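Hi,

Here is the structure I promised to send over. Have a look at it first, and then read on for my notes on what turned up.

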Amino acid sequence: MEMVQQLYSTLFCALFLLPSLVFGECSCDTGDEDQRDKDQALKYKLVAISSILVAGALGVCIPMLGKTIPALRPEKNIFFIIKAFAAGVILSTGFIHVLPDAFENLTSPCLAENPWGKFPFTGFVAMVSAIGTLMVDAFATSYYSKSHVHNAPHGTGPLEEKVGEHDEEDHTHVHTHATHGHAHGPVAYLAQNPGSSELLRNRVISQVLELGIVVHSVIIGISLGASESPKTIRPLVAALTFHQFFEGMGLGGCISQANFKSRAIAIMVVFYSLTTPVGIAIGIGISNVYNENSSTALIVEGIFNAASAGILIYMALVDLLAADFMNSRVQSNFKLQIESNVSLLLGAGCMSLLAKWA
């Protein structure tokens, strides 16, 4: 729990430091002087803040309604189908939306030929980011596993956070009623999953995935907020609203499986929901001094986008799709396999289609 709070505190501070990195002298003309209309653009930006905030919050919360809507519980087949759709959205976001933007930024003619034109920095940063995500994934899982094993006898391991307040009562429920389907709360979940490794993995996955999403969400928000062209902003409002909604569904599915305490869930949901709107607000504040074609802005945005793409692509393929598609329930159910694959293609296709406007 403390680690989650520290992570988001650090990211929140970085959110406000990022704009200072993108100030720079203009090296290329924007070319859209005739399309600028600050008053009209501001109206669209305010609409974007509200619509993206609502869509993001709604999307990330839907998968977590399993506690009140039985059909959405993680053990139901529909949950695999929803996660496959959301994973397709995240995969498409990495390949179709974020990575091309990084290539465009780091290969811009506004940058010096040496070194930016002599080495494929975009692919390199994305590759290093994916490898770094693998390392974080592995080390974090190992750390949590060892911590759980070490603290388990004392009831202070990471999994016991949710169990401590129900120790004796829930312990009795598990042994007397679990086999009849009457166990309740977190202990019931653990009783249905004898090994705690899966729960630990889900916790690591949800946190690393949110990190990757937050990075590019901030960049998107600042870019939209700094733009003063209504023609550019108008299609982005609808496209980014759908983008945040579907991406939130993918993240929400991971959070619901991680079985965090209510406070940790609230922090993750609020942080995801606010990043893009706050980024837009920052963009509005710096619109008079921000130049998207300055060399500094292009380099910072390009590197962050490439790193985010590496994280999202790795998480979508390895931790979401591979984990679910190789799950014994999916492997033993041909109908569920077909439905999951169709859902994956629909998610990736819908998100790819949005690239026409975003």
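Two helices count as roughly antiparallel when the angle between their N-to-C directions is over 145 degrees. For H9 and H10 the axes cross at roughly 165 degrees, so this pair is roughly antiparallel. Please keep in mind throughout that this is a predicted model.

**The overall picture**

The protein has 13 helices and zero strands. Reading from the N terminus, the elements therefore appear as an unbroken run of α. Of the 358 residues in the protein, 49% are buried.

**H9, H10 and the loop between them**

Back to the pair I opened with. The axes of H9 and H10 come within 11 Å of each other, and H9 passes H10 in a right-handed crossing. Helix H9 covers 230-258 and helix H10 covers 262-285, with Asn259 in the loop between them. What is the phi of Asn259? It is positive, at about 60 degrees, although Asn259 is not a glycine. Asn259 has a relative accessibility of 15%, so it counts as buried, the cut-off being under 20%.

**H3, H11 and a salt bridge**

The other helix pair I looked at is H3 with H11. Their axes are 8 Å apart and pack at an angle of about 155 degrees, which means that H3 and H11 are also roughly antiparallel to each other. H3 passes H11 in a left-handed crossing, whereas the crossing of H9 and H10 is right-handed.

How many salt bridges are there, taking side-chain nitrogens of Lys or Arg within 4 Å of a carboxyl oxygen of Asp or Glu? The count comes to one. Lys83 pairs with Asp324, and the closest N and O atoms are 3.3 Å apart. Lys83 sits in helix H3 (residues 77-106) and Asp324 in helix H11 (residues 295-325), so the salt bridge ties together parts that are 241 residues apart in sequence. Are the two partners buried or exposed? Lys83 counts as buried at 8% relative accessibility, and Asp324 counts as buried at 11%.

**Contacts between parts far apart in sequence**

You may like these for checking distances on your side; each one is a C-alpha to C-alpha separation.

- Gly88 lies in helix H3 and is buried, with 0% relative accessibility. Its C-alpha atom is separated by 9.3 Å from that of Glu247, although the two are 159 residues apart along the chain.
- Ile52 is found in helix H2 (residues 38-61) and counts as buried at 1% relative accessibility. Ile52 and Ala238 are 186 residues apart in sequence, with 8.7 Å between their C-alpha atoms.
- Ser340 has its place in helix H13 (residues 334-354) and is buried, with a relative accessible area of 2%. Ser340 and Ile78 are 262 residues apart along the chain, and their C-alpha atoms are separated by 9.1 Å.
- Asn293 lies in the loop between H10 and H11. Asn293 is buried, with a relative accessible area of 16%. Between the C-alpha atoms of Asn293 and Ser108 there are 8.6 Å, while 185 residues separate the two in sequence.

**A cis peptide bond**

Which two residues does the cis peptide bond join? It joins Asn114 and Pro115, and omega is about 10 degrees. Pro115 lies in helix H4 (residues 113-116).

**A nonpolar patch on the surface**

Finally, there is a nonpolar surface patch of about 680 Å². Phe119, Phe124, Met127, Val128, Ile131, Met135 and Phe139 make it up. One of these residues, Met135, is found in helix H5 (residues 121-151). Met135 has a relative accessible area of 46%, which makes it partly exposed, because that value falls between the 20% and 50% cut-offs.

That is my list. Happy to talk any of it through once you have the model open.

Best wishes

Terms used
Residues numbered from 1 in each chain as written. Predicted model: local features only at pLDDT ≥ 70, side-chain atom pairs only at ≥ 80, totals over all residues. Heavy atoms only, no water. Helix = DSSP H or I, 4+ residues; strand = E, 2+ residues; numbered from the N terminus. Buried < 20%, exposed > 50% of the residue type's maximum accessible area, 1.4 Å probe, protein only. Patch = residues over 30% accessible without salt bridge, like charges linked within 9 Å, V, L, I, M, F, W, Y side chains within 5 Å. Areas by Shrake-Rupley, 256 points an atom, 1.4 Å probe, with all protein chains shown as cover. Axes fitted to C-alpha atoms, helices over the stretch in contact; angles between N-to-C directions. Parallel < 35°, antiparallel > 145°, perpendicular 65-115°, else oblique. Left-handed = near helix turned anticlockwise from the far one by under 90°.
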